[in-house]
Amino acid sequence: MASAEHSGQQAATGQGKTKVILYWLEKSRAQRILWLLEELKIDYELKTYKRVNMLAPPELKKVHPLGKSPLVSVQAEGAAEPLVLAESGLITEYLVEHFGPSLVPKQYQEGKEGQIQGETEEWLRYRYFMHYGEGTLMPYLVTALLLRTIKEKSPFFIRPIASAIAGNVESMFLNPNLEQNFRFLENQVKSAPDGGGYLCGAKLTAADILMSFPLITAKGRGGLTKEKYPALWDYVDRLEAMEGNKRATQKIIEVDGSYKPSL
């Protein structure tokens, strides 16, 4: 495990100084939480971990019983114990609520506050994409990883059969679903409000940061290509080029020696 501290502009929470720790695991979804912390410009401590035989190390179970990553602990000044947060969506919602409301679109249209169907399109998109990445897109990308592993890691004498079975699953189930989702996202980028640029409109939101990990990894070996999905490709390029994301990447390189986005 490696550790580093980052000094930012600590946001006022009404509770004084807050201690934030990110437990970051290689080849995990924790990188987008690191980007979020950089975007929020708050003080935090970064603790990095290496996988052991593709699994998270047992040390993470001392932080949370499931031993997964990302994990974030938040301890307000005067609190006896830290609050440990698991799951990217919950972590993001909690941090944004306390430190970065500007990363959430305005909820209601003018004059329609509190009304059913009075929400803005930007906010509805934001709420949707806060759940879509984990609920819909990531399961297909994880399936792609498992099938690729079966093809590459099966014992030699059964590899032809295992590869054939995995290939059938890819062609009959996985690839059509990935293509359908990429077409959907291509159209979402093109139709975003206020001229677009991001999934929810003209400004970066926390939902874009959550979506960054599955889409950046999909550019590698997930079937996302510039030829088929040019608007989506350009959107992911914009995310990768953002200063907060580059600072997060550099932070891992400084602490861990290197960084390559992958499942």
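A salt bridge here is a side-chain nitrogen of Lys or Arg within 4 Å of a carboxyl oxygen of Asp or Glu. Glu170 and Lys151 make such a pair, with their closest N and O atoms 2.6 Å apart. The model is predicted. By the same rule, the count comes to 15 salt bridges.

**Salt bridge between helices**
- Glu170 sits in helix H4 and Lys151 in helix H3, so their salt bridge ties together parts that are 19 residues apart in sequence.
- Glu170 is buried, because its relative accessible area of 16% falls under the 20% cut-off.
- Lys151 is partly exposed, at a relative accessible area of 29%.

**Salt bridges within helices**
- Arg125 and Glu121 form a salt bridge, with 3.1 Å from N to O.
- Both Arg125 and Glu121 belong to helix H3, residues 121–153. They are four residues apart, about one turn of the helix.
- Arg125 is buried, with a relative accessible area of 8%, whereas Glu121 is partly exposed at 41%.
- Lys246 pairs with Glu243 in a salt bridge, the closest N and O atoms lying 3.1 Å apart.
- Lys246 and Glu243 are three residues apart in helix H7 (residues 243–256), so about one helical turn separates them.
- Lys246 is partly exposed, at 41% relative accessibility.
- Arg29, Arg32 and Glu134 are joined into one network by salt bridges that share partners.

**Helix H1**
- Helix H1 spans residues 30–40.
- Of its 11 residues, 10 are buried, so H1 is largely enclosed by the rest of the structure.
- The buried residues of H1 include Arg32, Trp35 and Glu38.
- Glu38 has a relative accessible area of 3%. Its side chain makes a polar contact of 2.5 Å with the side chain of Tyr44.
- Lys41 follows H1 and has a positive phi, near 60 degrees.

**Surface charge**
- Lys27, Lys153, Arg159 and Lys260 gather in a patch of positive charge on the surface.
- Arg159 lies in helix H4, which covers residues 159–190.
- Arg159 counts as partly exposed, at 31% relative accessibility. That value lets Arg159 pass the area test for a patch, because patch residues need over 30% relative accessible area.

Technical notes:
Residues numbered from 1 in each chain as written. Predicted model: local features only at pLDDT ≥ 70, side-chain atom pairs only at ≥ 80, totals over all residues. Heavy atoms only, no water. Helix = DSSP H or I, 4+ residues; strand = E, 2+ residues; numbered from the N terminus. Buried < 20%, exposed > 50% of the residue type's maximum accessible area, 1.4 Å probe, protein only. Polar contact = N/O pair within 3.5 Å; in protein donor to acceptor, adjacent residues only side chain to side chain. Patch = residues over 30% accessible without salt bridge, like charges linked within 9 Å, V, L, I, M, F, W, Y side chains within 5 Å. Areas by Shrake-Rupley, 256 points an atom, 1.4 Å probe, with all protein chains shown as cover. Lys, Arg positive; Asp, Glu negative; His and termini not counted. Charge placed at Lys NZ, Arg CZ, Asp CG, Glu CD.
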